[in-house]
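Me: Could you walk me through the sheet architecture here, one piece at a time? I'd like the pairing and the angles spelled out, with cut-offs.
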Amino acid sequence: MKLASKNVLYSASILPVVAAHLIVEAYCDAKPIVPVHHPKRIKFANESKPFTVHVTKYVCTETPYNESELLQCKTILRRNKPALFNISVHVPIVLNTFFFEVKTYYRLNDYQQFPAEIHTEVCSYFRHPSEDILSRHIMSVMFETVPHLMYYCPHGNTTYHAAFWIEDRFFPKSMPAGDFRMDVRFRTVRNITILAYRIYFSVRRQGIWKSLIEW
């Protein structure tokens, strides 16, 4: 009986040591997360713009997803502050290649595509940032709002949590007034959607109306 008690005590005392060893071993085997270095990213100044941007809502689309699980998708409207997009998505697969797509639409009688579109492979872009002004601009917004997600591939095999927003200072110097919709999509190399959402927003100007975009 005494021997059995000693064995139980020994097992209880060694379990934390074994567990700690396993945690350390797993941590050492995991590849460290390396933040993306983007020396030419835009630093957004708090300059006044001749327009104001108001986000109406964020809406997740194409659900349910086959390669990921959407856990939360919520618009939070705030008084005198930009609306927040609270989103959580679990991506169980490892991503060494995945694509980021953005299309912008301007509403006349219906939404018509606007000349502002992005289609880029994220891992490659992080390694070799493009000089394209629109890609650089949108990636700079992501550095500002979700810096914890801006790291070199591999991505995936985790649950992503983000509180994203857009505001006046993220936009070019000039924007046409009106109602807009921005469609954002992340997809795998096999064209399977990981996450997709739409941003509905309006631009209201003061003074003379200018056409298209002035960077």
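In the open sheet of five strands, what order do the strands have, and is the pairing parallel or antiparallel?

Reply: Quick ground rules before the strands. This is a predicted model, where local features need pLDDT of at least 70 and side-chain atom pairs count only at pLDDT 80 or more, while totals for chains, interfaces and linings use all residues. Numbering starts from 1 along each chain as its sequence is written, and side-chain values use heavy atoms, with hydrogens and water left out.

On to your sheet: the order is S1-S8-S7-S4-S5, with antiparallel pairing. Strands here are DSSP E runs of at least two residues and helices are H or I runs of at least four, both numbered from the N terminus; two strands pair if DSSP finds at least two bridges between them. Strand S1 (51-60) and strand S5 (111-121) have a single partner strand each, so they sit at the edges with one side lacking a neighbour in the sheet. Ignoring direction, neighbouring strands are turned by 20° against each other on average. (Axes are lines fitted to C-alpha atoms, for helices over the stretch in contact, and angles run from 0 to 180 degrees between N-to-C directions.)

At the S5 end, strand S4 (residues 98-107) and S5 run antiparallel, joined by eight bridges. Phe99 is found opposite Glu121 of S5. Helix H3 (residues 133-145) packs on this sheet, touching S4, S5 and strand S7 (178-188), and its direction makes about 80° with that of S5. Contact means heavy atoms within 4.5 Å.

There's also an open sheet of three strands, ordered S2-S3-S6 and again with antiparallel pairing. Its edge strands, S2 (69-78) and S6 (155-164), each pair on one side only. From one strand to the next, the twist averages 5°.

Start with S2 and S3: they run antiparallel with eight bridges between them, and they form a hairpin with two residues in between, where Asn80 in the turn has a positive phi of about 60°. Cys73 has Ile87 of S3 as its bridge partner. Ile87 also has a bridge partner in S6, namely Ala162. Strand S3 (residues 81-95) pairs with S6 in the antiparallel sense over nine bridges, and further along, Val91 has Thr158 of S6 as its bridge partner.
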